[in-house]
Every structure is written in C-alpha cells, then in structure tokens.
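Biologist: Please take a close look at one buried arginine in this model and describe its surroundings. I should then like to see its setting compared with that of the charged side chains that form salt bridges elsewhere in the chain.

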Amino acid sequence: MKQNVKLLLALLILGLLSSCVQTPQDQMSEKVKEKIKNATVHIKNTSGSGGGGSGFFITPNKIVTNIHVIAGKQGISVVGTKTTYHIKEVVGFDPEHDLVILRVKPEGSPLRLGRGEKGDRIFAAGYPAKEEWAYNSKLSKLESKATQNYELTEGRIHDIWNKGRQLRLVQENFRGDFVTTPVSPLSSGNSGGPVVNNKGEVVGIAVTGQDIRSATLVFGGATAATVLEELLQKSESTEPLSISNLEDRPCVRAYGSIDRGQKKMAEATKSETAVQKKRLYSEAIKHFDEASKLCPNYATSWRELGEAKFFLGEFQIAIDCFDKVLGLNVDYAQVYIYRGRAHLELGTSETGVRNVEKARQHYRAAISDFNEALKRIKIDSTYYESLAYAKIRLGELETNQGQARILLEGAIHDLSMAIDLDQEDALYYQNRAGAKILLGELENNQGNRKEAWGLYDMVKEDWAEVIKRDPSIAEFMKHTPESADDYYLRGILNLLLGQSGSNQGNVEEARKHYKIAFKDFPQAAKLNPDDADVYYDKAINTLNPDDSVTYNVRGGLRTFLGKSRADRGYALEARKHYNTAISDFNEAVERNQEDASVYSNRGYTNYLLGKSFEMEGRHGHEEHAQKLYRAALADSNKAIELNSNYSYAYCNRGRAESALEDYDKAIADFGKAIELKKDFAEAYWARGLAYQKTGRLEKAEADFRKAKQLDPDIESAMK
C-alpha cells in the first residue's frame, strides 16, 4: 500500500513539474537559433524618412519580406549579420498578402518552410524597433532614439484564420483567460521577418505588430507559410522586375499611400486639439482613398479608410468601407468591432432625435457585429463590453418587457465575461451596475420588488469594486452632469449608496448621498420635463424603506413626483402622490420622532396638498385646504422646536403662514430662513410674494431680483 502511495505521489509531482517546465520538444537548440539569425536580414530605409523592417532567405539567392517594408522608400539596404546584400530584381510579389520576393547577391543561408497549427509554440525573428534613451552631454538632457537590433521573441499561434492564410500570434506568457494589455509578440520592425517553429522551419511571415490606435486587444499578424510556398512556385514562371518597375504597379503604390496615411493617423492620435485631429484625419483619408482606388481588392486600404472616417464621425461612410473589407475577408474580427461601434454611434444619434425604429435597427446591427467578432476572438474584454453596451441601449428602447429583460440580462452576463477577462478595469463594474439598475427598474415595473431590491444590492457591490479599483471615478458624482439622464443616473446611484449607509447605521453618510440625489432628480426633471414623472417613479421604486431616513427620502421623492404632476395640470394624480408621501412621512415619524427634517418635509407636502385643493376652488375644498395649511404650520413648528437652525423649516412655516394670510409672520420666517441660508432663492421669492400681498412692492421687487440672480429659473419653479 505504501508503495502505491509513493508511486501516486511521484506521478503527481511529475505532472506538476511537466505543467511548469518546457518539454524538450518545445525547446530550441542554440544551433537552430544561430541558423535563424544568419538567415534573417535587416531591411533599412536609407533615405532617412523612417520605416524599414526585416526579411529572410527562402533560397540561397532569394529573400522574402513585406511589400510595405520597401514600398515608397527612396533607398533600401539589406543587411545581414555578416554582410550587406545587393538587390538584383523582384522575382515575385503578392499584394493581397503583402509579400515580395527579392533576388539578391551574394548568397545567404535559407530557412525551410514548415506548417503551423493552432496552439503551436513559435519564435519571431527580426529587427523590431525599440525606443532607447541616452544622455546628451552637450544639451544636458536625456534624448530618445529608435534602434533596431536582432531579437528572437517567443509566442504561440492563437488562431489560424482567413481560410488558413493568416495567423494570429500571442506572447508565450499569454493566458487566454485573462487579458489586460496587448499581447502581440511582434513590434514595428518585425514586418517581413520569419515566424518559425522550434525546428527553425518557417510557419509564417510577420505582417502586423502592435497598433497604438487600437482600443482593443492586439494580436501579432502573420501570413501563413503556405501562401509563400504558392508565391515561390509562381515566381519560377514570372518575369522579373526591377524595384522601380514594382513601384509602378498600382497595388504596390497603394502600400505607399497607406504608409503615408498611417503616419497621419499616428500624428492625429498624439494631437492635443480637436482642430489638429480633424485636419490630420482628413489628410489621412486622402491617402487611404487613393490606396482604395489604386487597389480596390486590397482589404487594408478600405479598413484604414473606414477607421479614419469613423474617427471623423462620418459613421455611415465608415460602415460602407467596413462592408467592403468584410466582403474581401469575412474573418476580420476587429472590423466587425469598428462597424458595430459605428452602428452604436448612429443608434445613439437616432435616439437623440427620437427616431426609435432607426435607433433599434442600428443597435441590432451593432449586436450582430459584436457577436460576429466574438465568434472569432473570445478573449478580448472590450469586445464583451461593446456587446453589452449595445444590448443596454436596445433594452432601453424595447417596449416588450420580456425582450428587454433578455437584453439586460445578456448585458450583465457580457460585462461579467469582460470582468473575468480583466478584473482591474473599474469601468466594467460601473457599466454592470448601470445594467443592473435598469433591470431592477424593469422588475419594479412588473411588481417584482424582491428581485429588484436584490439587483440594487448587487449594484452597491459593483460600485464598491469601482471605488476600490479607481477612487477617482467616484469623483464623477461631484461633477456637473451633462444631460438629464446623467443627473438621473447619478441620483439613482446616490439613493442606493444612501440606503446602503442607512442600512449600516451610518445616518450621516446616508444623508450625504440622499442630499445629492434630492438635487439631481429635480435637475433631471427640469432638463427633460417629458420624462420627469418616469425619473421620480423609478427613483421611488429603487428604495426599499426600512428605517426612518429611507421612508423620509421616499416621501420626499413622492412629493417631487406629485409636484411634477401638478405643474402639468394633473391635480388628481398630484394629490394621490402627496397623500402617499404623507403616509411615508408618518411611517418615518413612527420610527424616529426626533428628526426635524421629517416634520418639515411633511409640512411642505401638506402645504402643496392644500394648494392643490384651494386652486381647484370646489365647494368645501377651501375649508379642507385651510385644515392642511394648519397641519403644515404644526409640522413646521415641531421641526423648528427640534432644530432652531433649520432654514427649510422656517421657509415651510412661512409658506403655511402666507397661505393662512398671516403675511407679517411669514415675512419674518422667510427672513430667518435667508439669514440661515444666504443663497436661499426660494425663500427670497416667497418673501417677495408676501411683500407683494401687503403692498410693499419695492421690497417685493428687490426680493424677486435677488431670487432670479441666485436661480434664473426660480419663477417657473415656484409656479
């Protein structure tokens, strides 16, 4: 038995070691490394305009590189480890796959062609561009310069795509379940160099490295060796060309145009002003447009043109360009992402002008594109985020609540996938919290309060993760939002954070958040009156009252909702909301009889309810209104008794006194409110009305002026 245990332990240890240590089959011998180095050449641009790349010997007198490495260059030199080679002629080229074969002398040591499979370990040889810093003694400062030295970097074949003609490469230490940074094993300067297996056989030719303009995961790109093999066979019967004759070919000239356009795009990325960016993108478009005309079947020119149009905000034209790319190469994952984002932008635009059906069409197209991208690349967190955002936007417009639920649940799932891939990006947690808020609102609308509150609890958990990862994001709550929806979302978030503080017994923390929410909802209603009722209704449903503070807040929101209805002439609905608010304040008083704000708020609501009856002017309504004003007066007295420095209580008592036509007392109370709160626009306006009633018109006018100075919208707000 002991022998068996020992054997099992030995096998377990061996298994652990084998998972951590490279096997001999994965290792590359020093002899093979030396052979690869000798076969790889550095292709330099001697005209001083930058650029250059790598290449390698495929026969003793032929080297292969990318067309874009040599296209548009005034002078080219081919430098090996021991000698410089002279280019005699071009013996083959393939613009579609960016390959060119050059005959050179003297001869060199060639590499053999092989085959690569998904998951294979690879090595990329070449002369990648690196930024090095050196101290300039004359200028007494550090200066950077680009250097290109031979390197052999390790990686793996992540995928083989475009009908087996192209490879996606990732770094050797890349793990497919967690992505935070670009993972390409290639850099600028690797272009044209060999991608080999551990035997030194060429499985691909490097084409693309990292792109600083990309907001998504970047793979290394290589053309499969099978494409080079086909080109070699064709070159045997192809008439040789000089470099200058090659440059005359339209599809080769297209590479020069693309190169010039890419430089403009790179400049635009670094530009600090919108005017400069627009100018540089426009210049880039001229070059890409030229390239697309020179070589209409070259996907890269259309992709670059589409991206430049996207950055300029010409989204429909960008979509047309991306359509052409995908017509040429249906597996281009990143193009699906760009096209999807263009549809998102157009959907948002149509939403803004309330063209709902067109907006839906664009959001559906975006979802389709993001799903297509994820069929091809499942390890990029930003792809999942884009898909989730499209589902959220479509879910907001969906009238079928069942379909809306499916979309929002899908968005939450997609954002969870993004978080699994990148657990440190605070924005993913923030967006997931937003999706949960929307789903919670939907559950509330269907009467599923328990499910809604469960979602709201998870919102608070997500927001805690946001703060943990990026405390600066929390600062957005202190900034002035740009739209009604922004005010509303900030208000909802503060309600949830307020309730969280309240549930933990931290009343002051709760009140801090509730105070922000109470400012945000009226502002959202002011900016978008058509949706004011919806804002308040959703906010009310967000709260799960449990203590005095939460009942007080919900009562306040119901009061706002009632006033919103009253302002639009719906008196009966307004009174219904006022009465429900008073019920909430009663619950709050039962739980805490020492909170001045509850009495003050109930007093204000009684005053508004009294106004509603008085303005209707029906028989018996005036008497009922007087009763409500007296109740408002009693509540305000109680609030002042509990807190003699409570400015709002004095203002509310003044309102009740004015309604009872006791104007002198009202003027005194409004004055006390102003003394306690110098910028109290409502108190100035209300005192002005009291002065007006007593014939003191100069004082009334002075108060109205001051109120408008403090709040230009005060007159409409006080109607």
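Modeller: In this predicted model, Arg 558 is in contact with Ile 540, His 577, Thr 580, Ala 581 and Asp 584, once its neighbours within four places in sequence are set aside. Arg 558 itself belongs to helix H19, which spans residues 548-567. Its relative accessibility is 16%, and because the limit for a buried residue is under 20%, Arg 558 is classed as buried.

The salt bridges offer a setting for this residue. The model contains 53 of them by the rule applied here. Three pairs and one network may be described in turn.

The pair formed by Asp 462 and Lys 436 has a separation of 3.0 Å from N to O. This bridge links distant parts of the chain, since Asp 462 lies in helix H15 (residues 449-469) and Lys 436 in helix H14 (residues 426-445), with their positions 26 residues apart in sequence. Both partners fall under the 20% limit: Asp 462 has a relative accessible area of 3% and is therefore buried, and Lys 436, at 6% relative accessibility, is buried as well.

A second pair is contained in one helix. Glu 396 and Arg 393 form a salt bridge in which the closest N and O atoms are 3.2 Å apart. Both residues lie in helix H12 (residues 381-397), where three residues, about one turn of the helix, separate them. Their exposure is not alike: Arg 393 is buried, with a relative accessible area of 16%, whereas Glu 396 is partly exposed, because its relative accessibility is 45%.

The third pair also sits within a helix. Arg 279 and Glu 283 are joined by a salt bridge, with 3.1 Å between the closest N and O atoms. Because they are four residues apart in helix H7 (residues 274-294), about one helical turn separates them. Here neither partner is buried: Arg 279 has a relative accessibility of 44% and so counts as partly exposed, and Glu 283, with a relative accessible area of 22%, is partly exposed too.

Salt bridges also join into a network, which links Asp 331, Glu 372, Lys 375 and Arg 376.

To return to the residue in question, Arg 558 is a buried residue at 16% relative accessibility, located in helix H19, and the residues in contact with it include the acidic Asp 584 as well as His 577.

Technical notes:
Residues are numbered from 1 along each chain as its sequence is written. This is a predicted model: local features need pLDDT of at least 70, side-chain atom pairs count only at pLDDT 80 or more; totals for chains, interfaces and linings use all residues. Side-chain values use heavy atoms; hydrogens and water are left out. Helices (H or I, at least four residues) and strands (E, at least two) are DSSP runs, numbered from the N terminus. Buried means under 20% relative accessible area, exposed over 50%, partly exposed in between (1.4 Å probe, protein chains only). Contact means heavy atoms within 4.5 Å. A salt bridge is a side-chain nitrogen of Lys or Arg within 4 Å of a carboxyl oxygen of Asp or Glu.
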